[in-house]
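This report looks at one helix, the core around it and the cavities inside the protein. The model is a predicted one.

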Amino acid sequence: TIIYSLYESHYFFQQWNIVNRQKEELARANLEMQLDSLKNQVKPHFLFNSLNALQALVKTQQTQTAMKFITDLSQVYRYLLQSNEQTLISLQKELDFMHAYFSLLKTRFSKGLYLEVKVNPQWQNYQLPPMTLQLLVENAVKHNKVSSQNPLTIKIESVEDAYIQVSNNLQRKNNDSLPTTKKGLVSISAKYELLQLPPIDLYEDSENYVVRIPLIKPQE
């Protein structure tokens with residue numbers, strides 16, 4: 001009886017391990033599919049907005065500027081395709097991409113748009129989901145007035161407890177009271193939730209809109 005009980009216990013434990021492994025593999029596969037879905041939403045969204053900006057340059061007959069924009073766009077989009085295949089990317093690489101992307105925005109808005117980056121080097125190897133900073137900057141430009149008379153200043157700063165903060169002076173467009181899908185924020189929040197990471201924080205006052213993103217310590 002004792003031997004039979006031990007055998008049954010061993011068999012039960014083996015089956016329990018198999019079922020648990022299957023559950024973990026299924027959960028991992030489901031997570032990967034959801035992340036891939038989010039990534040595939042970002043790619044056409046980014047390209048659509050970039051082509052709209054290019055169209056605006058062509059309509060105003062800024063030929064040389066449009067040609068430079070096309071060159072920058074091809075480099076940025078190539079980097080986008082490479083980095084977006086990863087679940088996480090280092091803050092330094094994300095910042096490099098952010099500077100390249102901002103050059104496209106600067107080509108269009110000139111003196112109406114400024115970027116300030118103040119990041120402590122100690123966080124540069126920490127990680128975050130790809131395209132996070134780009135989506136937040138794009139969100140700021142989308143919902144605020146951008147002109148040389150009323151320039152929009154976007155700040156990317158590292159803050160305490162391994163957080164990266166993206167903020168902008170608040171000057172909402174007249175029609176910004178219309179319903180919005182907030183795809184950028186939804187995409188970022190969903191990625192953090194799927195990866196079981198701390199949630200993002202956002203708040204605003206009469207002058208500024210601020211989003212704080214937790215950084216992930218790189219694995220050894």
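## Helix α4

A residue counts as buried when its relative accessible area is under 20%. By that cut-off, α4 is mostly covered, with eleven of its twelve residues buried. The buried residues are Thr 132, Leu 133, Gln 134, Leu 135, Leu 136, Val 137, Glu 138, Asn 139, Ala 140, Val 141 and His 143.

The helix spans 17 Å from its first C-alpha to its last. That is close to the 16 Å expected at 1.5 Å a residue.

## The nonpolar core

Nonpolar side chains tend to be buried together in soluble globular proteins. Here, the largest nonpolar core holds 46 residues. Leu 113, Leu 133, Ile 154 and Ile 156 have the most contacts inside this core. Helix α3 (residues 91–109) gives the most to the core: nine residues.

What does Leu 133 touch, leaving aside its neighbours within four places in sequence? Its contacts are Leu 91, Glu 94, Leu 95, Met 98, Leu 128, Ile 156, Ile 164 and Val 166.

## Cavities

The count comes to two cavities of 30 Å³ or more. The largest has a volume of about 60 Å³. Its lining is made up of Leu 136, Asn 139, Ala 140, Ile 154, Val 166, Ser 167, Asn 168, Tyr 209 and Val 211. Three elements give two or more residues each to this lining: α4 (132–143), β5 (163–169) and β7 (208–214).

By class, six lining residues are nonpolar and three are polar. No charged residue lines the largest cavity.

Technical notes
Residues are numbered from 1 along each chain as its sequence is written. This is a predicted model: local features need pLDDT of at least 70, side-chain atom pairs count only at pLDDT 80 or more; totals for chains, interfaces and linings use all residues. Side-chain values use heavy atoms; hydrogens and water are left out. On a 1 Å grid over the protein atoms alone, a cavity is a set of points where a 1.4 Å probe fits but cannot get out, and a pocket is an open set with protein on both sides within 12 Å along at least five of seven lines; lining residues have an atom within 4 Å of a point. Grid points are joined across faces, edges and corners, and a volume is the space filled by probe spheres set on the points. Helices (H or I, at least four residues) and strands (E, at least two) are DSSP runs, numbered from the N terminus. Ala, Val, Leu, Ile, Met, Phe, Trp, Tyr, Cys and Pro count as nonpolar, Asp, Glu, Lys and Arg as charged, and the others, Gly among them, as polar. The expected span of a helix is 1.5 Å times one less than its number of residues. Buried means under 20% relative accessible area, exposed over 50%, partly exposed in between (1.4 Å probe, protein chains only). A nonpolar core is a set of buried Ala, Val, Leu, Ile, Met, Phe, Trp, Tyr and Cys residues joined through side-chain atoms within 4.5 Å. Contact means heavy atoms within 4.5 Å.
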